[in-house]
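Notebook open, model loaded. I want to go through the pockets, then the sheets, then one helix.

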Amino acid sequence: MGINANKISLLIKEEIKEFENDIKKSNDIGTVVTIGDGIALIYGLEKAMLGELILFNDDDYGIVMNLEEDSVLVALLKNTNTIKEGDKVKRTKEVIACPVGDALLGRVVDALGRPIDGKGEIDYKETSPIEKIAPGIMARESVNEPLETGILTIDSMIPIGKGQRELLIGDRQTGKTTIAIDTILNQKGRDVICIYVAIGQKNANVAAIYEKLERNGSMEYSVIVNATASEISPLQYIAPYTGVTMAEYWCKQGKDVLIVFDDLSKHAVSYRALSLLLKRSPGREAYPGDIFYLHSRLLERCVKLNEKNGGGSITALPIVETQAGDISSYIPTNVISITDGQIFLKTDLFNAGQRPAIDIGLSVSRVGSAAQFKGVKKVSSSLKMEIANFNDLLAFTQFGSDLDENTKDIIRHGKALMEVLKQNQNSPLSYLEEVVYLFAAKNRYLDDLEIAYIKPFLKKLYLRISTHYKSLLDEIDKTKDIKKPQRDELRKIIEEFKGELDLHNGIE
């Protein structure tokens, strides 16, 4: 019987193909070697990718965190007791992704984008990987448009621009979250989408924030991503990346987005716990060596895109908690070096009744007046210097010694300024209110008033101007500037208003 070379060749090719398929299948299926503390050591999965989703059972997933020579370490995304040693696991060949789109607005979701507000499923049309490379320099442009917070101290002296990353830093219970929430409330009607990412917070606190936003009609343009303290470390770790991925969807459509990370201290702690379980070498303060990269790759994705790339922006307000005001510790210094400025809140100021308790000396915006309307810039140009002078001279008043008239004037003016800068929570000011308040303070119309009368005086003054001189305010609002004719008219109005009041008997 003759040998057919073509048939033999075909048989060999089929055998090789079957062998390759077997190898491919073996690369896609692994075995659980050990499982504990939410970390699974899996033998096999030679082709697994870093950050890939691994399927354990029907609905138990994990994320590949470590790639080793003949095994991978996978962090589970759910507390479960159903996985045991010897179980087979499969690759999904997909990196971890979250839903994006307008369907998310008004919803509360977990770190994977799944609804947790009891309002049913989210009808999203697409998903996006949570880990992405940040836009390059050529896709960006300089921050040049203000993001109004409605908080007088910030808008006047530490302005935030669209596309900026401004750190909120201070001890616990000093008002960091309040500033962030007030900024979200102030975006109503300004066409800015807001995302609040809660990392390691109590469920009750997040529920209270939701109620506040819902009550003020702010959930219409907001999303809450919630990975609370009760969640496992991997979910707390991925939550901020989920939030910024959602933000990028709107940013690429040319929209402005504000994202709050509350807070990155707890995010770093969750990553430290995860890294220690993964047996990564601990470094300073037991944090792994890549902790800086953790936050830099997150915050670099917050951007102001140029017109060629849609002109959208993502403004970040990361929050970091300090211990006893120590901003020189590891995580605070890391995040300070990544961001474009910081707003430092001080416990002493908070306890003294200065709310918001912002330390003007340590707070800075590296974008500065480039992201500020001309009107506010003109009426607040010397504000920081005047407050610094006041704080320097304030120590002298404690000795009770006689002071010269110039020193008394500086102290009197400083006290009036500090009173003007006090603001209740959930009470953001409009641009026009800020201009009027600061103009009256800068030109020393408040220095001769009793401290208790300053706030009522300003409210009544603004009511008078908005009622009887609306055209003046319309002009200032239209140009976002306050020119000499308007300044002269404003002086005349304030002087007339003061003349009508009986300041000795209080301001009704």
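Which element gives the largest share of the lining of the largest pocket? I looked, and α3 does, with 6 residues. Before going on, a note to self: this is a predicted model, where local features need pLDDT of at least 70, side-chain atom pairs count only at pLDDT 80 or more, and totals for chains, interfaces and linings use all residues. Residues are numbered from 1 along each chain as its sequence is written, and side-chain values use heavy atoms, with hydrogens and water left out.

**Pockets**

I put the volume of the largest pocket at about 890 Å³. It has 32 lining residues, and Gln 173, Gly 175, Lys 176, Thr 177 and Thr 178 are the closest to its centre. Two or more lining residues come from each of α3 (176–185), α4 (203–215) and β14 (313–321). By class I get 11 nonpolar, 11 polar and 10 charged (Ala, Val, Leu, Ile, Met, Phe, Trp, Tyr, Cys and Pro count as nonpolar, Asp, Glu, Lys and Arg as charged, the others, Gly among them, as polar).

My terms: on a 1 Å grid over the protein atoms alone, a pocket is an open set with protein on both sides within 12 Å along at least five of seven lines, a cavity is a set of points where a 1.4 Å probe fits but cannot get out, and lining residues have an atom within 4 Å of a point. Grid points are joined across faces, edges and corners, and a volume is the space filled by probe spheres set on them. Helices (H or I, at least four residues) and strands (E, at least two) are DSSP runs, numbered from the N terminus.

The second largest pocket comes to about 470 Å³. Of its 21 lining residues, Leu 53, Tyr 61, Ala 97, Leu 112 and Arg 114 are the closest to the centre. Here β6 (88–95) and β7 (97–100) are the elements that give two or more residues. The lining splits into 12 nonpolar, 3 polar and 6 charged.

**Cavities**

How many cavities of 30 Å³ or more are there in the whole structure? My search gives 2. The largest holds about 90 Å³, and its lining has 8 nonpolar, 1 polar and 3 charged residues. The second largest holds about 60 Å³. Its lining includes Thr 153, Gln 354 and Met 418, and no charged residue is counted there.

**Sheets**

I traced a closed barrel of 6 strands, β1-β2-β5-β4-β3-β6, with antiparallel pairing (two strands pair if DSSP finds at least two bridges between them). Within the barrel, β2 (39–44) and β5 (71–76) share 5 bridges, and Tyr 43 stands opposite Ser 71 in β5.

I also found an open, mixed sheet of 8 strands, ordered β8-β12-β11-β13-β14-β10-β15-β16. Its edge strands are β8 (108–109) and β16 (364–365). β8 runs parallel to β12 (222–227), joined by 2 bridges, and Val 109 has Val 225 of β12 as its bridge partner.

**Helix α13**

Is α13 mostly buried or exposed? Buried: 11 of its 12 residues are, so the rest of the structure largely encloses it (buried means under 20% relative accessible area, 1.4 Å probe, protein chains only). Among the buried ones are Tyr 431 and Glu 434, and both also line the largest cavity. After α13 comes Arg 444, with a positive phi near 65 degrees.

Notes. Buried means under 20% relative accessible area, exposed over 50%, partly exposed in between (1.4 Å probe, protein chains only).
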